[in-house]
Amino acid sequence: MKIKTTVYQLQLGGMANFSYIIADNASHNAAVIDPHDDTDAILEVLSSNKLTLSHILLTHGHFDHIGGVALLSKKLNAPVHLSLHESPLYNVKAPNLIQTKNNDTISLGESQIKCIHTPGHTPGCQCFLVDNDLFTGDTLFINAVGRIDLPGGNGTILFQSLQRIKTIPETTVIWPGHDYGATSSDTLLHLKQTNPFLACSSKEEFLDFFM
Ligand SMILES: [Fe+2]
């Protein structure tokens, strides 16, 4: 498969958040995933690579993933994509908010971004699949998974979401929402072998981690 996109990973702020910029190589159109409130860093990557921001994609509505939404959506007039299932507690205010559902696709130049609904950390968590890359937000980290004790969190549902992630091609590169692991990205194949949460074969085994 021809890789049509370039990924820029930005580790920003005191909570080791990752914001991502995905660039379609043919059109130089870009999408930003989970823009941190350090928007100067994001704007610098866009500017230095001559990218035009076309979409703002949100894996979920927690405050540490949406700090840059208001400024970027207003300044660059980009639509904001958030799952329709996201909790009212985590509603995002933006002038052009688009509600996504499972398996929706978003066009980025010649590339397609697929939305995969992965509830559990919050009701409206979603991952974004682009080429051979999966952006997992707080659903899946390198060595862990997202918390289930915040409002709207559910361990059983998160386990089910992880089983769906495990069905995508194992060569897929996982890009998490926080820099909590030994590496900043890894293949799904390697995570299946090293992430103890992902390795669980039963819901009961998975939920025991949170006891
Ligand atoms: Fe979160």
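Begin by selecting Y8, which is partly exposed, with 17 other C-beta atoms within 10 Å. The model in your viewer is a predicted one, and Y8 is found in its strand β1. If you display what surrounds this residue, you will find that Y8 touches Y20, I21 and V45, leaving aside residues up to four places away in sequence. Add I42 to the selection as well: Y8 and I42 are 34 residues apart along the chain, and their C-alpha atoms are separated by 9.6 Å.

**From β1 to β2**

Next, select residues 5-12, the strand β1, together with residues 17-24, which make up β2. These two strands pair in the antiparallel sense over 8 bridges, and a good place to look at the pairing is L10, whose bridge partner in β2 is S19. The strands form a hairpin with 4 residues between them, where G13 takes a positive phi near 80°.

Keep β2 selected for a while. Is this strand mostly covered or mostly open? It is mostly covered, since 8 of its 8 residues are buried. In a regular strand the side chains alternate between the two faces of the sheet. Show the side chains of β2 and you can follow N17, S19, I21 and A23 pointing one way, while F18, Y20, I22 and D24 point the other way, and all of them are buried.

**From β2 to β3**

Now extend the selection to residues 29-33, the strand β3. Here β2 and β3 pair in the antiparallel sense over 4 bridges, and I21 stands opposite V32 in β3. This pair of strands also forms a hairpin with 4 residues between them, and the residue to pick out in the turn is H28, which has a positive phi of about 65° although it is not a glycine. Most residues other than glycine have a negative phi, and most peptide bonds are trans. H28 is partly exposed, because 15 other C-beta atoms lie within 10 Å, and a residue is called buried from 20 upward and exposed at 12 or fewer.

For a second residue of this kind, move to K50, in the loop between α1 (39-48) and β4 (52-57). K50 has a positive phi of about 55°, and it is not a glycine either; with 9 C-beta neighbours inside 10 Å, it counts as exposed.

**The first sheet and its core**

Zoom out until the whole sheet is visible. It is an open sheet of 6 strands in the order β1-β2-β3-β4-β5-β6, with mixed pairing. At its edges stand β1 and β6 (97-100), each with a single partner strand, so one side of each is left without a neighbour in the sheet. Neighbouring strands here are turned by 25° against each other on average, direction ignored.

Select β3 and β4 to see a parallel pairing, which runs over 5 bridges and in which A31 stands opposite H55 in β4. Then show the helices on the sheet: α1 packs on it, touching β1, β2, β3 and β4, and the direction of α1 makes about 155° with that of β1. Helix α2, residues 69-76, also packs on the sheet, touching β3, β4 and β5 (80-83), and its direction makes about 140° with that of β4.

Which residues touch the most other members of the largest nonpolar core? Of its 47 residues, they are I21, I22, A30 and V32, and the largest share of this core, 5 residues, comes from β2. Select V32 to see its contacts, which, not counting residues up to four places away in sequence, are S19, Y20, I21, I42, L53, I56 and L72.

**The second sheet and α3**

Move on to another open sheet of 6 strands, with the order β7-β8-β9-β10-β11-β12 and mixed pairing. Its edge strands are β7 (105-108) and β12 (186-187), each of which pairs on one side only. Select β11, residues 173-176, with β12 to see an antiparallel pairing over 2 bridges, in which the bridge partner of I174 is D186.

The last stop is helix α3, residues 155-165, whose buried residues are G155, L158, F159, S161, L162 and I165. These residues cover an arc of only 160° around the axis, which puts them on the same side of α3. To see what covers the buried residues of α3, add elements including β9 (126-130), α5 (196-199) and α6 (203-208).

Notes: Residues are numbered from 1 along each chain as its sequence is written. This is a predicted model: local features need pLDDT of at least 70, side-chain atom pairs count only at pLDDT 80 or more; totals for chains, interfaces and linings use all residues. A nonpolar core is a set of buried Ala, Val, Leu, Ile, Met, Phe, Trp, Tyr and Cys residues joined through C-beta atoms within 7 Å. Two residues are in contact if their C-beta atoms, placed from the backbone, lie within 7 Å. The arc is that of the directions from the helix axis to the C-beta atoms. Two strands pair if DSSP finds at least two bridges between them. Axes are lines fitted to C-alpha atoms, for helices over the stretch in contact, and angles run from 0 to 180 degrees between N-to-C directions.
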